Amino acid sequence: MPKVIRVNMTDLSVRIEEAPAAWAGLGGRALTSTVVAAEVPPTCHPLGPNNKLVFAPGLLSGTAAGNAGRMSAGAKSPLTGTIKESNAGGTCGRMLGRLDIKAIIIEGQPASTDAWYNIRISNEGVVVEPETETVGLNNFAVLESVARRYGEDKGVITIGSAGENLMLISNISTRDPEGKLRSFGRGGLGAVMGSKRVKFITIDQDGTRPVPLVDSAAFKAANMVFTKALKDHPVSGQGLPTYGTAVLVNILHEIGGLPTRNFTSGQCEHHDMISGEHMYDTIVARGGEPTHGCSLGCVIQCSQVYNDKDGKYLTSGFEYETIWAFGADCLIDNLDLIAECDNVMDDLGVDSIETPVMFGVAMEAGILKFGDGKEVLRLLREEIGKATPLGRVLGGGTALVGKTYGVARVPVVKGQGIPAYDPRSVKGIGVTYATTTQGADHTAGYAVATNVLNVGGKVDPLSNVGQVELSRNLQIATAAIDSTGLCLFIAFPALDIAECLPATVDMLNARFGTKLTMDDVVGLGKTVLKLEHEFNLAAGIGPEQDRLPEFFELEAIAPHNVKWDMDQKELATFWNF
Amino acid sequence: MVMRITVKLFATFRENRFKEARREYPPGTTVADVAAELEIEAGLIGMIFIHGRAAELDRVLEEGDVLALFPLLGGG
Ligand code: SF4
């Protein structure tokens with residue numbers, strides 16, 4: 001029987017329960033959001049004893065399904081005050097699938113803040129022990145310590161110093177197959193883990209067997225159709241593996257949607273220096289790997305290993321959003337410096353979107369100059385890393401820095417930094433930023449695909465027509481995909497190749513012996529969105545917060561000279577389903 | 001009479017070609033004509049932008065146009 005592990009940090013007790021029958025069809029985001037909505041009082045303080053931190057592998061985790069290596073973390077977010085789901089690659093999702101663990105729920109809070117703990121999960125049970133060795137250490141040192149003490153092959157979920165210091169920009173990191181880091185990036189979940197005084201969790205899959213399949217022949221057949229679609233589609237089969245997500249830099253620059261200099265222009269002069277094409281050439285010239293996976297079983301492999309000029313590892317999982325934020329929004333025209341910032345952020349355990357978007361506002365505030373990558377590194381290491389008073393202000397994220405320094409141009413929705421696509425020139429993504437239950441988040445309903453990339457049809461990015469419907473359909477589909485453990489990038493082939501999505505439903509049915517249809521999966525997406533929305537309403541985050549910051553309505557952006565002009569009433573129709 | 005067009009190429013389209021070039025074409029030239037001249041298979045073109053706005057293959061170019069051609073790409 002599938003298990004649920006509850007670790008109560010108030011009295012350090014562990015309960016291993018049978019998963020309720022009602023959770024049978026839930027995994028990933030559907031399960032983290034169901035648990036948070038059912039068990040966390042919406043009005044609780046996110047860093048208090050009533051919040052819960054939930055980890056859930058996806059429904060297909062642990063199977064041989066292509067790109068099924070993602071798992072979800074959920075809680076009430078201290079950054080946004082909303083419900084939060086954040087997912088990441090790494091090795092843990094797969095291991096939890098094999099261990100038949102549907103969820104790990106961390107509840108309560110120790111009365112004293114003197115001690116830290118580690119949690120170790122294996123086939124034999126769960127151990128909670130005081131932790132001293134890694135306290136105060138950052139993520140790479142934690143991985144080393146865990147490997148030395150418990151073995152190289154363990155799954156690890158950890159926080160760096162930023163999470164220990166309860167910073168709102170902190171994330172939760174997890175070990176990838178190569179022993180580097182992947183992150184549950186957004187929403188300050190590292191602070192939630194820190195508030196529970198949990199420094200790290202290890203997962204040990206020794207003694208487990210392959211995940212049982214009700215119909216393994218049907219599973220294999222469906223997986224073949226699925227992986228063929230991933231390989232056949234030009235985006236997932238060619239573009240992403242070659243250039244990674246940074247290929248978007250030149251595209252967004254070209255259409256005037258690349259937010260530059262804290263969202264004051266849609267184009268960046270040195271775009272070619274920070275582009276995916278330039279990154280690819282650099283990686284190849286220095287003996288790095290342009291094509292790399294964040295988890296086992298990834299067919300697409302959008303990740304990469306980026307070396308410095310001496311051919312030594314600098315960073316991996318070097319994403320468009322990070323490169324955009326430092327490169328264009330903060331005007332740092334040097335990819336090596338940005339890679340170094342990326343590595344330091346991974347180590348401290350801070351969100352690589354929130355942090356550089358915050359720096360854009362800090363630059364506008366005059367804390368440092370636009371383009372000063374060296375000073376960014378110093379502030380990361382010496383102020384945020386050491387939790388000085390300035391470091392804590394910066395570590396409070398984009399909105400807090402804006403407030404503290406009286407900046408009016410603060411790109412956030414529900415307190416979370418707006419990512420790499422300007423909503424004035426890509427209006428569909430603006431609808432997603434405004435309406436998603438998560439605070440500004442491009443992945444929640446990636447309208448860029450249809451507005452700009454001509455995937456899943458075409459909707460004019462500069463017109464308001466059709467954007468609410470587009471964002472709604474994408475948000476519903478995304479909520480469903482986020483529940484399977486499949487990586488969201490399967491959406492590119494899924495939007496264009498008819499057999500792709502039905503193949504994922506066939507895999508679910510072959511795994512569990514169910515008779516789900518596409519309609520059921522869409523229904524699951526709708527249910528997830530609605531229960532997340534209800535949580536937010538009960539938390540006091542109402543429709544008046546489903547909007548973009550005012551400056552988007554006041555300031556036209558070059559080159560198309562466009563403002564955000566979507567009617568609030570039209571936006572509110574998003575929830576009509 | 002010739003038209004001067006700035007052509008920008010991206011990703012794989014740059015291989016054995018160029019990043020950006022000012023080129024001359026006779027009036028009436030379409031996007032498809034430019035692609036053919038550059039030996040870019042029309043079926044591989046994913047995005048066409050003229051002055052940063054989406055355009056189709058049959059669009060007739062005008063003097064001073066900035067044309068950008070991308071294969072089908074994505075990210076997020
Ligand atoms: S496509 Fe990228 S994000 Fe998705 S599983 Fe593969 S490496 Fe990870």
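## Salt bridges and polar contacts between domains 2 and 3

Three salt bridges cross the interface of domain 2 of chain A and domain 3 of chain A. This is a predicted model. A:Lys414 and A:Asp546 form a salt bridge, with their closest N and O atoms 2.8 Å apart. Polar contacts also span this interface: 17 residue pairs qualify, both residues at pLDDT 80 or more.

On the domain 2 side, the elements that give two or more residues to the surface touching domain 3 of chain A are helix H8 (248–254), strand E16 (412–413) and strand E17 (416–417) of chain A. H8(A) gives the most, with three residues. By class, this side of domain 2 has 17 nonpolar, nine polar and four charged residues.

## Extent of the domain interface

Chain A is split into domain 1 (3–203), domain 2 (241–422) and domain 3 (423–496 + 515–577). Domain 3 is thus written as two segments. The C-alpha centres of domain 2 of chain A and domain 3 of chain A are 23 Å apart.

Contact involves 30 residues of domain 2 of chain A and 32 residues of domain 3 of chain A. Together the two domains bury about 2,300 Å², with 63% of it on carbon and sulfur atoms. A:Lys414, A:Tyr421 and A:Asp422 supply 30% of the area that domain 2 of chain A buries against domain 3 of chain A. No other three residues supply more. A:Lys414 therefore appears twice: in that trio, and in the salt bridge with A:Asp546.## The chain B and chain A interface

In this interface, 22 residues of chain B touch 29 residues of chain A, counted as contacts. Chain B and chain A bury about 2,000 Å² between them. Carbon and sulfur atoms carry 58% of that area. B:Leu72, B:Leu73 and B:Gly76 supply 30% of the area that chain B buries against chain A, more than any other three residues.

Four salt bridges cross between chain B and chain A. In one salt bridge, the side chain of B:Lys19 meets that of A:Asp272, at 2.8 Å from N to O. Nine residue pairs are in polar contact between the chains, both residues at pLDDT 80 or more. Strand E3 (45–50) and strand E5 (66–71) of chain B each supply at least two residues of the side that touches chain A. That side of chain B divides into nine nonpolar, seven polar and six charged residues.

## Around the ligand

The ligand has 13 residues around it. A:Arg70, A:Cys294, A:Cys298, A:Cys302 and A:Cys487 come nearest. By class, the shell holds six nonpolar, six polar and one charged residues.

Technical notes
Residues numbered from 1 in each chain as written. Chains lettered and ligands numbered in written order. Predicted model: local features only at pLDDT ≥ 70, side-chain atom pairs only at ≥ 80, totals over all residues. Heavy atoms only, no water. Near = heavy atom within 4 Å. Nonpolar A, V, L, I, M, F, W, Y, C, P; charged D, E, K, R; others polar. Domains from an automatic or database assignment. Contact = heavy atoms within 4.5 Å. Buried area = accessible area lost by both parts, 1.4 Å probe. Polar contact = N/O pair within 3.5 Å; in protein donor to acceptor, adjacent residues only side chain to side chain. Helix = DSSP H or I, 4+ residues; strand = E, 2+ residues; numbered from the N terminus.
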